[in-house]
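User: I would like to go through this structure and ask, for each label, what justifies it. Please set the values against the criteria as you answer.

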Amino acid sequence: MKNKNKLLLIGWDAADWKIIGPLIAKGLLPNLQKMIKNGVYGNMSTMNPPYSPMLWSSVATGKTPDKHGVMGFLEVVPDNQNLRPVTAHSRKAKAIWNILHNQKLKSNLVGWWPSFPAEPIHGAVVTDKFPKVGKDINKIKTLDKRAIHPQSLAEDLKALRMHPSEITKEHILPFIPNAKKIDQKDDKKNGLIPFAQIMAETVSIHNAATYLIDNTEWDFMGVYYDFIDHMSHGFMKFHPPKLARIEEKEYDIYKDVINGAYRFQDMMLGRLLEMVDKETTVIVMSDHGFESGYKRILEMPKVNAAPALDHRQFGIFVAMGPNLKKNEKIFGVSLIDIAPTILNHFNLPVGKDMDGKVILDMYNKVSSPAYIDSWENIEGDFAELKDEKDLVFSDEETMKQLIDLGYIEKPDDKIEVSVYNTKLDLKHNLAKVYSGKRDFHSAQKILLELIGEKEAINIAHYYIDLLNVSLSLKDLKNAEIYLKEYKKIKTEVKFNIHFIEADILVAKGDFSGAEKVLKTALKKVSNTETLYRLGELYKIQKNFKNAKECFENALKIEPDKPKFNKALAEVYLETGEYEEAAEYALTSIELVKYFPEAHYILAKALEKLGDLENAKLAYDTAARLSPKKYYRAEKAKENIEEKLNSATLKDKSEYKFRENQIVVVSGLPRSGTSLMMQMLAKGGIEPLIDDKREADVSNPKGYFEYEPVMSIHKDNSWLDKGQNKVVKIVGPLLKYLDPKFRYKIIFMTRDLNEIIKSQRIMNGKDPDVLPVKLYNSYIKFLENVETWKEKEPGVEIVYIDYKSVLENPSESIEKTQKFIGKNLDSNKMESCIDRSLHRNKIES
Amino acid sequence: MIKKNQKLSLDPLKPNLDSSLAHLAYGHLAFSAWRKLKKSKLNEE
């Protein structure tokens, strides 16, 4: 029977929304656009360090590199005598296809990095070694047996490999219309040879993918394309807008390559979508983005995996399928979420030791995922690789490509030196992983070992990371020692240490020293990060004018940097410009949803603006995203809930005069009921009063009360005397009203804190003590009034706020008249209001 | 995009995304056909 629950995962290494957005707007990526329209989309958070073999292994395992073991582009061969491009042997955790194999599900895997040597799973594996064909076209006929599984497919697949020499001008000209202007002798690096190689390898991968879709049965299929990444490393520097240091001639030749690469990738996507049925869930994702703005690096520094410096923090995530939402942006997706999501798709439990989560937000119908402790401890056949028998296998093509791309240095003539430095670099990458996970102690331990390796070629870099980790741990004393040691190192690579120096000075309280360091750095190179740091420095010194200027200048250069927007929002919050604060906080949230600080600032700004409902939501989000840091958000949310509770009182009236209606003035004691009674009496409604309670200091103009009201719970037969009159009945007694009459209740409201304070003064108690139980019982009481009024057909009610009566009498009087349905003498009503009586008010 | 069973014909004089690259994007069937076509053209020459 045909499987109807298939999942196709397509990897576009380095794809970035910044390039995709404008192309979609022009209709040039119709297939990705179709997926967005019919599915979900969002940012994909990458991890540090953003090195593709580590990241794609995290995609495959749902685990961070410290757990899966792939630590970089290279690995040391088990005999410790040589290096090779990283292989599947480095992966120590089970990949999704291992788990699916164990569950008798079939996977097809094409080009995954790293996947060589092929694991013997149910399904087919075309490894990352498959498209590497070398210089000699005759070599295309030979291929390491371990590059393909099963061997029964090897002959067909081998014939689908394209050699760079087969790339013709028809394939090149759409990308490089002025290709004939390229001087192949002088322009080898940017020229057509690397272009043709990348193109041919991509076609080989795509051919293998379409072949497997046509000729095999599968449940899960993963296809990995490095086309956009490799094209971006080669040609992004020529992408518009033109960088000042790029020559006009070269810009003119190569400026269309990147857009062409994305369009070709989209055409390949179109074909894959055409080949799968509508029941198949399809995911397109990248592992990181790629810098395309002014920050593009033209000359890579000589550091480990330097080209990755061009990788941006956010990649892309797009998914479409039968149970997925349509045209909806989702937030907070990370690389490590993919494997758990795939397991959940196949109704398999997620390992609790996986670092990612199921992306539940993308589903229409959500069912709770199942969990097991770990897949690693499960006995059985997972088709994992056995220990190597044949230790050294050459992979010159891949090695050369990595060197050409600048990811690795050409190995030293003395191979033992290269092995030594590579081992240290892999360890360094592990320290970076721990830093990324904010496990600074583990990172520090490794980095301390690394700085002990005095012959290490990258020792300066180890020091820089150790300094940053020490500052994160607030280990100021040692940071100063490491900085001194670092300055003594003779290194070709110059690291910017002004941030570190400034951070140390700030930690010591020397703000003017830190300011001097940052300003000096800014004079040398105008850099948004330096502007941001300077702004933060001004902010902590409460110099909001300068802070604002710094953040605004940083945003002029990089408007979509979330932390710059958040920083400016904070400044506006401090200066009382709440609308602006909310706007910038919202912008930063739009850019990155998982930003608890921004949600917290937004909440504060909205609260100040009086938008309590949304403020509550924003506090709630901040508290959920970072419960430890934002415990205050939980408290703020509770406060707002209280405010909202007292604000959810709703009027119930048809605003018509009723024959023989009884007007009732009600509310909690000290909420302005006497004032309203007085106003209505002056306005022309006869009050039902007996004047038995005399005026006093608390109510100098009298209480306007009727003694039988106090015993209404025993006897309400007097209520007919109130017809066409107004009577005061305090809130808790309303429930004893006889339902045979029609009531018009004017319910006075007032800030509960003020009411309680006023009551305590009247009773001779300390006004500054807030009795929480009483406070809560009043809130409960107001809720009960709301419920009661709905059940009583003869009852109409309006809520009139005491403060509004004092501050905006005409509006309150108009509302009152409309409610009673009778013209009253407004002037006389207003004459009753004496603002000096608004004592015990709480200033907001 | 090339449809299934569509006759494959490349015009090497008019390179554009919609023809030459569409063949490659179509995958293994178009690739094999293209290689065969190229080989036969070379033989003709």
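User: Which domains does the assignment give for chain A, and what are their bounds?

Analyst: This is a predicted model, and the domain assignment of chain A gives domain 1 (7-372), domain 2 (409-495), domain 3 (560-647) and domain 4 (651-837). Taken over C-alpha atoms, the centres of domain 2 of chain A and domain 3 of chain A are separated by 38 Å.

User: Why is A:N347 called exposed, and what is notable about its phi?

Analyst: A residue counts as exposed if 12 or fewer other C-beta atoms lie within 10 Å of its own, and A:N347 has 11 within that distance, so A:N347 is exposed. Its phi is near 55°, a positive value in a residue other than glycine, and A:N347 lies in the loop between helix 12 (338-345) and strand 15 (350-351) of chain A.

User: What makes A:R670 buried or exposed?

Analyst: The cut-off for a buried residue is 20 or more other C-beta atoms within 10 Å; A:R670 has 22 C-beta neighbours inside 10 Å and therefore counts as buried. A:R670 also has a positive phi, near 75°, although the residue is not glycine, and A:R670 is placed in the loop between strand 17 (662-667) and helix 27 (673-683) of chain A.

User: Why is helix 27 of chain A described as mostly covered, and what covers its buried residues?

Analyst: The description rests on a count, in which nine of the 11 residues of helix 27 of chain A are buried. The buried residues include A:T673, A:M677 and A:G683. Among the elements that cover the buried residues of helix 27 of chain A are strand 17, strand 19 (743-749), strand 20 (795-801) and helix 30 (802-807) of chain A. After helix 27 of chain A comes A:G684, whose phi is positive, near 130°.

User: How do you know that strand 8 of chain A is covered, and which of its residues point which way?

Analyst: Strand 8 (residues 220-225) of chain A has six of its six residues buried, and is mostly covered. A:F220, A:G222 and A:Y224 point one way from strand 8 of chain A, while A:M221, A:V223 and A:Y225 point the other way. In a regular strand the side chains alternate between the two faces of the sheet.

User: What makes strand 1 and strand 5 of chain A partners of strand 8 of chain A?

Analyst: Pairing requires at least two bridges between two strands. Strand 1 (residues 7-12) of chain A pairs with strand 8 of chain A in the parallel sense over six bridges, and strand 5 of chain A pairs with strand 8 of chain A, again in the parallel sense, over four bridges. Within strand 8 of chain A, A:G222 is the bridge partner of A:L9, and A:M221 is that of A:N108.

User: Which residues have the most contacts inside the largest nonpolar core, and what is A:I10 in contact with?

Analyst: The largest nonpolar core has 198 residues, and A:I10, A:A208, A:V284, A:F551, A:A585, A:L602 and A:A603 have the most contacts inside it. Helix 8 (residues 192-215) of chain A contributes the largest share of this core, 11 residues. Leaving aside neighbours within four places in sequence, A:I10 is in contact with A:V223, A:L269, A:L272, A:V282, A:I283 and A:V284.

User: Where are the cis peptide bonds to A:P114 and A:P241, and what are their omega values?

Analyst: The bond from A:W113 to A:P114 is cis, with omega near -5°, and A:P114 lies in the loop between strand 5 (107-110) and strand 6 (123-126) of chain A. The peptide bond joining A:P240 and A:P241 is cis as well, with omega about 0°, and A:P241 lies in the loop between helix 9 (227-235) and helix 10 (248-254) of chain A.

Note on methods. Residues numbered from 1 in each chain as written. Chains lettered and ligands numbered in written order. Predicted model: local features only at pLDDT ≥ 70, side-chain atom pairs only at ≥ 80, totals over all residues. Core = buried A, V, L, I, M, F, W, Y, C linked by C-beta atoms within 7 Å. Helix = DSSP H or I, 4+ residues; strand = E, 2+ residues; numbered from the N terminus. Contact = placed C-beta atoms within 7 Å. Domains from an automatic or database assignment.
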